[in-house]
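Q: I'm new to this one and would like some help reading it. Could we go through it a feature at a time?

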Amino acid sequence: MAETWLILGASSGLARAIAREVASRGHELLLAGRDLGDLERSAADLRHRFGVRAQALPFDALDTASHAGFVQDVAERAAGPLTVVVAFAVMTPQDLAEREPDTALAMISAGYAGAVSILLRLIPHFERTRAGRVVVIGSVAGDRGRRSNYVYGSVKAGLATFTEGLRARLFGAGVPVTLIKPGFLDTAMTWPMKAGPLMADPADAARSIVTAAEKGRQTAYVPFVWWGIMQVIRLIPGRIMQRLSF
Amino acid sequence: MTAWKRMEVTGWGRVPRVLAEIARPERDAELDRIVQAGTGPLLAMGASRSYGDAGQPVPGGRGLLTTRLDRVLAFDPEAGTITVEPGVTFADLHRHFLPRGWLAPAIPGTAFATIGGALANDVHGKNQAAAGSFGDHVRSVELLTADGQRRTVDRDSDPELLRATIGGLGLTGIVTRVTFALQRVPSNAVTLTERRIDGLDAFLAAFEAARDATYSVGWIDALASGRSLGRGILETAEHAATSVAPVPPRQRTVPVDLPSFAMSAASTRLFNAWWWRRIPAEGRTRSVTIPAFLHPLDGLRQWNRIYGRQGFRQFQCVVPFEGGEASLRRLLEEIGRHGQASFLAVLKAFGRQGTGHLSFCMPGWTLAIDLPERKGVTELLGALERIVLDAGGRIYLAKDSRLSAEGFARMYPELDRFRAVLGRVDPDGRWQSGLSRRLGIHAPLQEAIHG
Ligand SMILES: Cc1cc2nc3c(=O)[nH]c(=O)nc-3n(C[C@H](O)[C@H](O)[C@H](O)COP(=O)(O)OP(=O)(O)OC[C@H]3O[C@@H](n4cnc5c(N)ncnc54)[C@H](O)[C@@H]3O)c2cc1C
């Protein structure tokens with residue numbers, strides 16, 4: 001049976017990899033984001049490589065006034081059950097956020113407020129169709145407030161809490177909600193970092209993410225080693241955490 | 001805001017090594033911004049499967065990795081033409097188009113090479129005699145030039161710029177789209193015939209006899225000498241009518257650099273002898289998938305580590321058929337005399353001249369060989385260069401890291417036309433590679449600019 005995956009923020013390296021993984025499984029795609037020209041090219045790529053239907057749609061997380069109309073448009077275009085992947089995020093470096101707090105607010109508006117706005121407006125759709133799923137791309141950065149990245153971390157922590165609640169909200173409709181916590185993925189976001197053994201290939205990560213979503217997992221660390229790493233980091237007492245600069 | 005990462009960059013042979021600032025843009029807009037920012041010197045980088053310094057920025061220069069610009073933008077199944085971003089690889093095309101009966105027209109020995117890299121070196125495959133090289137099948141390219149503009153270049157709009165860009169080593173700008181023709185194939189397989197060949201004379205005669213074959217390639221045991229000089233295996237192949245089950249990719253990786261004794265003369269001799277005996281004396285014929293036939297080494301990731309941390313050089317030349325046998329003999333004898341341990345050498349026949357100003361292909365015999373980086377190897381490469389010059393042949397820049405500027409100028413007679421185009425599209429020499437500096441490709445320009 002046909003099914004459609006809507007990727008919100010579909011131009012990022014990880015989102016592109018997810019779209020290819022979804023297309024390789026034969027599903028249709030709606031690629032949404034601000035750079036429509038870029039999304040059209042990605043949609044063409046998915047059609048030519050995988051022979052699936054793929055379309056590009058304009059979507060701006062900050063333009064919350066447009067979200068209701070967007071949800072309606074998506075519902076009309078989607079064939080079969082709809083999976084929504086929230087993949088947009090802005091990451092402003094911590095030092096910039098401290099120097100120019102407005103950049104921190106922009107990060108919160110897109111990454112948190114924008115996500116809440118679109119997901120709340122999707123609830124009626126899921127209640128009506130009682131099918132599909134939600135996938136939210138969070139981050140391991142949301143597990144602890146760390147000196148080096150706490151604004152971004154708090155956006156992802158807020159998103160994690162929201163996602164947990166949404167999971168309960170949609171439970172009755174039989175719509176699973178999966179929170180993905182990626183570690184370091186080899187994309188533009190991490191390019192300046194030194195490549196190390198923890199740096200994961202986005203195509204491999206995408207395979208784990210789509211599989212976790214299809215299995216209806218609640219939370220998935222990707223790659224899985226991050227589960228172990230975060231278990232340890234979570235155990236660090238606050239007394240010590242406040243002295244750490246990582 | 002473009003992120004640059006300071007990295008060591010090497011070609012596949014891992015000599016030379018250079019430190020450069022590398023960006024890996026994921027979007028057109030970012031690429032445009034980088035080029036428009038006016039910094040330099042710049043160089044487009046594909047999968048870094050060129051062996052020497054062709055794909056290497058100059059020390060401290062800037063490299064633009066295209067591996068994340070890898071989308072298939074259009075495909076016309078009527079005409080068989082495809083338009084791709086430069087980072088699409090031959091492996092991508094095999095994976096997505098071979099099952100539908102479409103194959104790239106000219107394919108190098110590694111499927112990891114990108115289409116941008118294939119264009120910039122005007123690469124050839126085992127079907128060069130029949131099908132020409134990659135550039136012959138290119139309909140148009142989009143080129144982002146030093147002035148920050150993207151322009152569509154084809155045979156009508158600007159034939160000289162197209163000829164400078166095909167085989168142009170990334171020096172005319174960064175190619176952002178390539179439109180070229182795929183070929184229809186009846187299945188995913190070829191019928192491959194392998195036979196033992198006793199020596200060089202027999203080899204050339206066998207190639208002659210196999211002139212109508214779609215694919216032909218010879219593997220020469222470079223350590224055989226005397227009467228067995230030029231001994232090896234000839235492979236010929238035709239597209240098969242029916243497909244074979246695709247072999248599940250069994251990827252292995254060479255985990256670490258092997259110590260240098262791994263490639264001693266003795267171990268290589270043993271390997272080469274086994275390679276020869278593996279084929280029964282009466283030869284054999286079987287069906288194999290096209291990727292398995294074209295890319296025998298791709299199953300072993302990072303096989304370049306076999307040569308150890310010091311790396312290796314590859315030498316590939318083409319010599320005209322006229323007098324070609326004597327030249328090949330001299331080349332093989334010279335290699336044998338230096339006793340540089342080497343795996344197999346590859347021998348092929350080219351049928352056509354490439355279309356680029358700096359295209360490598362021309363009618364003749366082509367010989368390729370790997371040489372571990374040891375004492376004496378640069379002298380050996382110098383001696384081989386002289387033999388090629390005497391023969392009126394040329395050395396393949398995609399493999400090279402040693403050719404002299406004078407030798408290069410004599411081997412590539414259209415260099416002046418190439419330089420004339422550079423003078424027009426990149427007068428300040430913003431696009432440069434280790435190779436372009438070594439070979440003085442911009443030299444007359446620089447003199448003109450700086451007096
Ligand atoms: C195992 C092996 C087998 C091979 N067999 C063959 C063979 O049979 N026939 C053959 O012809 N070659 C062969 N090669 C060589 C290889 O095909 C070429 O070197 C090819 O150019 C490599 O492509 P790349 O993507 O790695 O490019 P790179 O090596 O990264 O770059 C090569 C050149 O292309 C330029 N370039 C890359 N992208 C762009 C772009 N977007 N715009 C402009 N310029 C660009 C670079 O600046 C550089 O000058 C082989 C190499 C290996 C390792």
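A: Sure. Helices and strands here are DSSP runs, with at least four residues for a helix and at least two for a strand. Keep in mind that this is a predicted model.

Q: With that in hand, how many helices and strands does chain B have?

A: Chain B has 14 helices and 21 strands. Its radius of gyration is 21 Å, close to the 22 Å from the globule rule for 451 residues, so chain B is as compact as a globular protein of that length. Along its principal axes, the C-alpha trace of chain B spans about 60 × 50 × 45 Å.

Q: And what does the count look like for chain A?

A: Chain A comes to 9 helices and 7 strands. Its radius of gyration, 18 Å, is close to the 18 Å that the globule rule gives for 246 residues, so chain A too is as compact as a globular protein of its length. The C-alpha trace of chain A spans about 55 × 35 × 35 Å along the principal axes.

Q: How should I read burial, and what share of each chain is buried?

A: A residue is called buried when its relative accessible area is under 20%. In chain B, 61% of the 451 residues pass that test; in chain A, 53% of the 246 do.

Q: Is Ala157(A) buried, partly exposed or exposed?

A: Ala157(A) has 26% relative accessibility, so it counts as partly exposed. You'll find Ala157(A) in helix α6 (residues 150-171) of chain A.

Q: Which residues touch the most other members of the largest nonpolar core?

A: Think of a nonpolar core as buried residues such as Val, Leu and Phe, joined through side-chain atoms within 4.5 Å. The largest one here has 98 residues, and Phe134(B), Val178(B) and Phe180(B) touch the most other members. Helix α10 (residues 377-391) of chain B gives this core its largest share, 7 residues. Another core, of 34 residues, lies apart from it, with Ala10(A), Ala17(A), Leu39(A) and Ala87(A) among its members.

Q: What does Phe180(B) touch?

A: Leaving out residues up to four places away in sequence, the partners of Phe180(B) include Ile82(B), Leu93(B), Ile115(B), Phe134(B) and Arg139(B).

Q: Last one: what share of contacts joins residues far along the sequence?

A: Take contacts between residues 6 or more apart. In chain B, 73% of these join residues 24 or more positions apart. For chain A, the share joining residues at least 24 apart is 73%.

Key. Residues numbered from 1 in each chain as written. Chains lettered and ligands numbered in written order. Predicted model: local features only at pLDDT ≥ 70, side-chain atom pairs only at ≥ 80, totals over all residues. Heavy atoms only, no water. Buried < 20%, exposed > 50% of the residue type's maximum accessible area, 1.4 Å probe, protein only. Contact = heavy atoms within 4.5 Å. Rg over C-alpha atoms; globule rule 2.2 N^0.38 Å.
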